[in-house]
Amino acid sequence: MRKPTGLAALVLLIGAAGAPAGITRLVVEKRESPAFGGQLFGNAGAYEILSGRFYGEIDPEDPHNSIINDIQFAPRNARGMVEYSATFTLAKPVDMSRSNGVLYYTVPNRGRGAPVGSPDGRVNLLSGWQGDLPHPEGAQSILVPVARKSDGSPLTGPVLERLIDLPPSSTTVDLRPTPYVGLTYQRPLTLDTAKAQLLRRTSSQAPSLPVPPAEWAFADCTSKPFPGIPDPAKLCVKGGFDSASEYVVIYTAKDPLVLGIGYAATRDLQSFLRYGVRDGAGSPNPLAGKIKWVISRGDSQSGNFIRSYIHLGFNQDEAGRIVWDGANPHIAARQLALNFRFAIGGGYAGPFQPGSEGVLWWSDYADTARKRPSAGLLDRCTATKTCPKIFDTFGALEFWFLRESPDLVGTGAEADIPLPPNVRRYFFPGTTHGGGRGGFNPAPSAPPNGCVLAANPNPESDTMKALTVALIDWVTRGAEPPVSRYPRLAGGQLVAANKAAMGFPDIPGVPSPDGLLNPVFDYDFGPDFNYVDQSGVITRQPPVVKQVLPTLVPKVDPDGNDVGGVPSVLRQAPLGTYTGWNVIASGFDKGKICLLNGSFIPFAKTSAERAASGDPRPSLEERYGSHSGYVEIVKAAAAKAVAERFLLREDADRLIAEAAASSVLVEK
């Protein structure tokens, strides 16, 4: 275990008697006080930042931990416990009497994130949970053990990675830094390519054909010609890779990490900070007696972490107490691909990637389409009375690329699944993944990330700030939050993902949304995979596609903008069409949905420009008349959002000022 460095290091030795959640030692390696350049945060005053590592033990025989996949194969210490260590950082008021008693846990996304100060005095915490990260400097990370058989021999299983759009003339590809993490630890059992597969496909319509074993190697050919220097983390192809082709490598990997420990580590740290008083040596918990409530927030991958954490029962600590009182999984439609053998914690709903196999809905639902029993994400916490209050927030892109539809209408897409009383759901119409930059610029920006259409500026951040306040008020004061607002099948707001069903207009020069949806596949990963919990062991790679499940998207208005939900001020005073989809401009997947990117299709400025282009959507001039007319619409939209508690007053004032300073219908 790494020792703290520096004379200023504060070491808190947390003994078993003071840490029922499993933390054995917490090391504060750095304290910055005051932090943030001495900035004062309202009534909370100055903040300080504490950073370091924490060390924990897990009892593999404890029922609270038995759901961790392969925990029975993890090495044990002399006490029969499984050990781990992880990083943490927290920002707290220097004077904790000014805290509001809330520990606000921001789940890091691929290790990223930084603590912040807050005028309300909340304590902001981040910690490492993703054990397959390559541990870049400054990232939140965790060290978890390798699972092996009792005789020390390796556990094995198949793994798969898809490679496209490789640089021209590439001779070698590193499997570790491929998109959204890659195969960082899944090394092959053998370097013999006769016992692996490399498939090549020259187009999406062409068949996948095997590359002969003698023509590729697990090797690095950057400094030595094929067959290169043997390297289990790299691939080399004789004559180089064809940048226009798709490659899929499949091989038997060894030595899986017990990644599900990340859930237990998150539970144990927050349980200690909430309930712990002193360690076995008498040193105090830095937050002892000051935390009354814990609320979590995670975006995208880290939002999927929240959903799976709750579903797998980790919101009850080893002493039977609740950990999170509130949770906000944001732009997260799936479960996290973490708690199974050879998992990749950074998956993104790409081909062959698990994520939508498990339970996806908050209430119980009978998944008859996939022949699975009735179940819901809250079953375990309901049984133990440890369910948090939940805000489920997402935008348009989550329907188009991240497979949001089953969360609302199930795998049959035949009826709305009702929400339980402790869940509120808010949909942000016409947003890209996480929302856009905001502002009131009528001109389009450059297309993002190799897409065809301009980047979508429609924001989510202002609404999320207001909803964060509402969630904290719900948890701490029992104040009822705004009523759920999201598209429903019963209201005719969810339809098939095609132009005709959506009512999407014919806009000159704009591609059709037809065929862009990232479908929900019913994958068969083999008989040892636990589909309901998304745990167990994958034995079939690539998986067999048993069926494509019906998937719905929001209906649109005559402008092509989504209906329903909680529109931003910009969406209520639109400058164009804001979509949750975009189109890949080039490469192997040209013409398909452009991953996590939405788009913006601006309105014409004048009626003459609109008529000349054949655009059916009214121009800015026809909608608003003048610059001042536009600002009045923004004012009305902001006032409405404030009244409905979807916008804070200070943000409303800022948006009105931005609209007044904008170039919308300003004559040069």
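Me: In which helix is the place of Leu467?
Reply: This is a predicted model, and in the numbering used here one helix runs over residues 461-477. The place of Leu467 is in that helix, which is named H6.

Me: Does Leu467 count as buried or exposed, and why?
Reply: A residue counts as buried when its relative accessible area is under 20%. Leu467 has a relative accessibility of 0%, and therefore Leu467 counts as buried.

Me: Leaving aside its neighbours within four places in sequence, which residues is Leu467 in contact with?
Reply: Strand S23 covers residues 389-395 and strand S24 covers residues 423-428, and residues with numbers in these ranges appear among the contacts of Leu467. Leaving aside the neighbours within four places in sequence, the partners of Leu467 are Phe391, Thr393, Tyr426, Phe428 and Phe646.

Me: In which sense do S23 and strand S24 pair, and over how many bridges?
Reply: Strand S23 is mostly covered, with six of its seven residues buried. Within the pairing with S24, Phe391 stands opposite Arg424. The two strands, S23 and S24, pair in the parallel sense, and the number of bridges is six.

Me: Which residue is the bridge partner of Gly326 in S23?
Reply: Strand S20, residues 326-330, pairs with S23 in the parallel sense over three bridges. In S23, the residue that partners Gly326 is Lys389.

Me: How are H11 and H12 oriented, roughly parallel or roughly antiparallel?
Reply: The axes of helix H11 (residues 627-643) and helix H12 (residues 649-660) come within 9 Å and cross at roughly 170 degrees. Angles over 145 degrees count as roughly antiparallel, so H11 is, relative to H12, roughly antiparallel.

Notes:
Residues are numbered from 1 along each chain as its sequence is written. This is a predicted model: local features need pLDDT of at least 70, side-chain atom pairs count only at pLDDT 80 or more; totals for chains, interfaces and linings use all residues. Side-chain values use heavy atoms; hydrogens and water are left out. Buried means under 20% relative accessible area, exposed over 50%, partly exposed in between (1.4 Å probe, protein chains only). Helices (H or I, at least four residues) and strands (E, at least two) are DSSP runs, numbered from the N terminus. Two strands pair if DSSP finds at least two bridges between them. Axes are lines fitted to C-alpha atoms, for helices over the stretch in contact, and angles run from 0 to 180 degrees between N-to-C directions. Angles under 35 degrees count as roughly parallel, over 145 as roughly antiparallel, 65 to 115 as roughly perpendicular and the rest as oblique. Contact means heavy atoms within 4.5 Å.
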